[in-house]
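Open your viewer and get your selection tool ready. We will go from stop to stop, and at each one I will tell you what to pick and what is there.

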Amino acid sequence: MTAAGTGLRDVDVAGDPAYRITIGPGLLDDGARLTSALRGRHALIVSDSNVAPLYADRLEAMLRSARPNLSIARFELPAGEHEKTLSRFGDCLDALARLGATRDACVFALGGGVVGDLAGFAASCWMRGIDIVQVPTTLLAMVDSSVGGKTAVDLPAGKNLVGAFHPPRAVVADTAMLRTLPDRELRAGLAEVVKYGAIFDAGFLEWLEANRVALLERDDAALAEAIARSCRYKADVVARDPFERGERALLNFGHTFGHAIEAEQGYAGSADGLNHGEAVAVGMVLAARLSARLGLAPRADAERLQHLLTAFGLPVEVPAGLSPDALLARMRLDKKAAADGLRFILWDGAGQARVVAGVDEAQVLAVLATPSDPSPL
Ligand SMILES: NC(=O)c1ccc[n+]([C@@H]2O[C@H](COP(=O)([O-])OP(=O)(O)OC[C@H]3O[C@@H](n4cnc5c(N)ncnc54)[C@H](O)[C@@H]3O)[C@@H](O)[C@H]2O)c1
Ligand SMILES: O=C(O)C(=O)C[C@@H](O)[C@H](O)[C@H](O)COP(=O)(O)O
Ligand SMILES: [Zn+2]
């Protein structure tokens, strides 16, 4: 996985298309790697109002020096979850039209998961599908959203309700860009890192417990290891189940609750509510507590998960003012719900998750209505 002497790590994702995730410092200056998947003469750089001023000029310069004949345009959205909308998606398509992007054009998603999801969805729709290279700039995007090809925008009715599966041609994760990431967004990314341990590997949870301080202090080696291991977990599951017909749904651990919280807060995100990673942290604790309540998993495992997330500075309680009934109504529009009712990703204990159908709504309401600490599960 580590190329000797380069400080870079590669994680290959099997599938159609197969692609490579490259992780390490300095990749934003690697024009050859950034353009390795480029086929045509048009490139659209999609970014947001925080990331573009920091990194878009460098990316554009690299693309120009590697491919002098490239026509390059930019589309910049205001930063924030509330911008992951159909309206901004339309604006992104308009930017492709102004560029005159042909079917061999390539979109470069330079940003966090909001940019990656929106740019990916635009790439999946423009002329029925053009290439995208993901250049993730948040920890969350490096460990999760840039990998696996889920793209989407939010609707007022629900999170990620409109989207497509559209895998990238490459993922280029320059870890040096994490140096400018706000602490709160770093912690949000750690929530999705914890998720991999929670659903796949209790040993990884132990590693996270042992490396908690190093990760929060942005130790390069610890972060690189966490990113590479997370990408490996995700790459393996999406290669086996790219369209979420089965086991990929495990990656939704904590998301049924989390997405309901995000939607109920109007996608306020970091500005005035919980961001995605924080909402998932709360959701994972609720899912673990629901598992304990249903007698599927030991209470001690739920407490351990809660403890780790708290140690990472993440919230573990439903924000004040959100009603259990309103959250439950949101969950009925979760994409995993089916004729047999709500489906949750629950666990048999740390590192062992499964899909559980037909979960009793009264039990869900009971978990939502009970504060986690210090009350009993
Ligand atoms: N497609 C998937 O598989 C998948 C997986 C997980 C999450 N998601 C989606 O990802 C989104 C959350 O992504 P996110 O947490 O990256 O949030 P985000 O994209 O909103 O980025 C968080 C904040 O950090 C800023 N930022 C980004 N990189 C920076 C940098 N290097 N330096 C300084 N500031 C920087 C952004 O401008 C933003 O304000 C949600 O919409 C979620 O639904 C998708
Ligand atoms: O890649 C996946 O599959 C995931 O579920 C990863 C999640 O972390 C991510 O938040 C994803 O966007 C959720 O997808 P959705 O299908 O529940 O909208
Ligand atoms: Zn997520």
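## Stop 1: ligand 1

Start by selecting the shell around ligand 1, to which helix 2 (51-66), helix 4 (113-125), helix 5 (139-145), helix 6 and helix 12 each supply at least two residues. Keep in mind as you look around that this is a predicted model. In total, 31 residues surround ligand 1. To begin with the closest of them, pick Asn50, Gly112, Gly113, Thr138 and Ser145. Now colour the shell by residue class: you should find 10 nonpolar, 14 polar and seven charged residues. The shell also takes at least three residues from each of domain 1 (9-180) and domain 2 (188-369).

## Stop 2: ligand 2

Next, move to ligand 2. Select Asp144, Gly148, Lys150, Ala152, Asn160, Glu192, Glu244, Arg248, Leu251, Asn252, His255 and Lys335, the residues around this ligand. With the class colouring still on, this shell shows two nonpolar, four polar and six charged residues. Here, too, domain 1 (9-180) and domain 2 (188-369) each contribute at least three residues.

## Stop 3: the annotated positions

Which residues does the UniProt annotation "binding site" cover? In the unreviewed entry, they are Glu192, His255 and His276. Show their C-alpha atoms: the three are spread over 85 residues of sequence, yet they cluster in space, with a largest C-alpha distance of 10.3 Å.

Zoom in on Glu192 and follow helix 6 (residues 183-200), where this residue lies. Is Glu192 buried or exposed? Glu192 is buried, because 27 other C-beta atoms lie within 10 Å and the cut-off for that label is 20 or more. Leaving aside residues up to four places away in sequence, Glu192 touches Leu140, Val143, Asp144, Gly277 and Val280. One of these contacts, Asp144, was in your selection around ligand 2, as was Glu192 itself.

Then jump to His255, which belongs to helix 10 (residues 255-264). His255 is buried as well, with 26 other C-beta atoms within 10 Å. Beyond residues up to four places away in sequence, its contacts are Val280 and Gly283. Val280 is thus worth labelling, since this residue touches Glu192 and also His255.

## Stop 4: where the domains meet

Zoom out and give domain 1 (9-180) and domain 2 (188-369) a colour each. Their C-alpha centres lie 25 Å apart. The contact takes 29 residues from domain 1 and 32 residues from domain 2. On the domain 1 side, highlight strand 1 (9-13), strand 2 (19-24), helix 5 and strand 8 (158-165), the elements that give two or more residues to it. Helix 5 gives the most, with five residues. By class, this side has 14 nonpolar, 10 polar and five charged residues.

## Stop 5: the largest nonpolar core

Finish inside the fold. In soluble globular proteins, nonpolar side chains tend to be buried together. The largest nonpolar core here has 121 residues, among which Val46, Val107 and Phe108 touch the most other members. Helix 12 (residues 276-293) provides the largest share of this core, 11 residues. At least three residues of the core come from each of domain 1 (9-180) and domain 2 (188-369).

For a last selection, centre on Val107 and display its contacts: Leu44, Val46, Ala119, Ala122, Ala123, Ile130 and Ile132, not counting residues up to four places away in sequence.

Technical notes. Residues numbered from 1 in each chain as written. Chains lettered and ligands numbered in written order. Predicted model: local features only at pLDDT ≥ 70, side-chain atom pairs only at ≥ 80, totals over all residues. UniProt positions renumbered as here; feature names shortened; annotations may be inferred. Helix = DSSP H or I, 4+ residues; strand = E, 2+ residues; numbered from the N terminus. Buried ≥ 20, exposed ≤ 12 C-beta atoms within 10 Å, placed from the backbone. Contact = placed C-beta atoms within 7 Å. Core = buried A, V, L, I, M, F, W, Y, C linked by C-beta atoms within 7 Å. Domains from an automatic or database assignment. Near = placed C-beta within 6 Å. Nonpolar A, V, L, I, M, F, W, Y, C, P; charged D, E, K, R; others polar.
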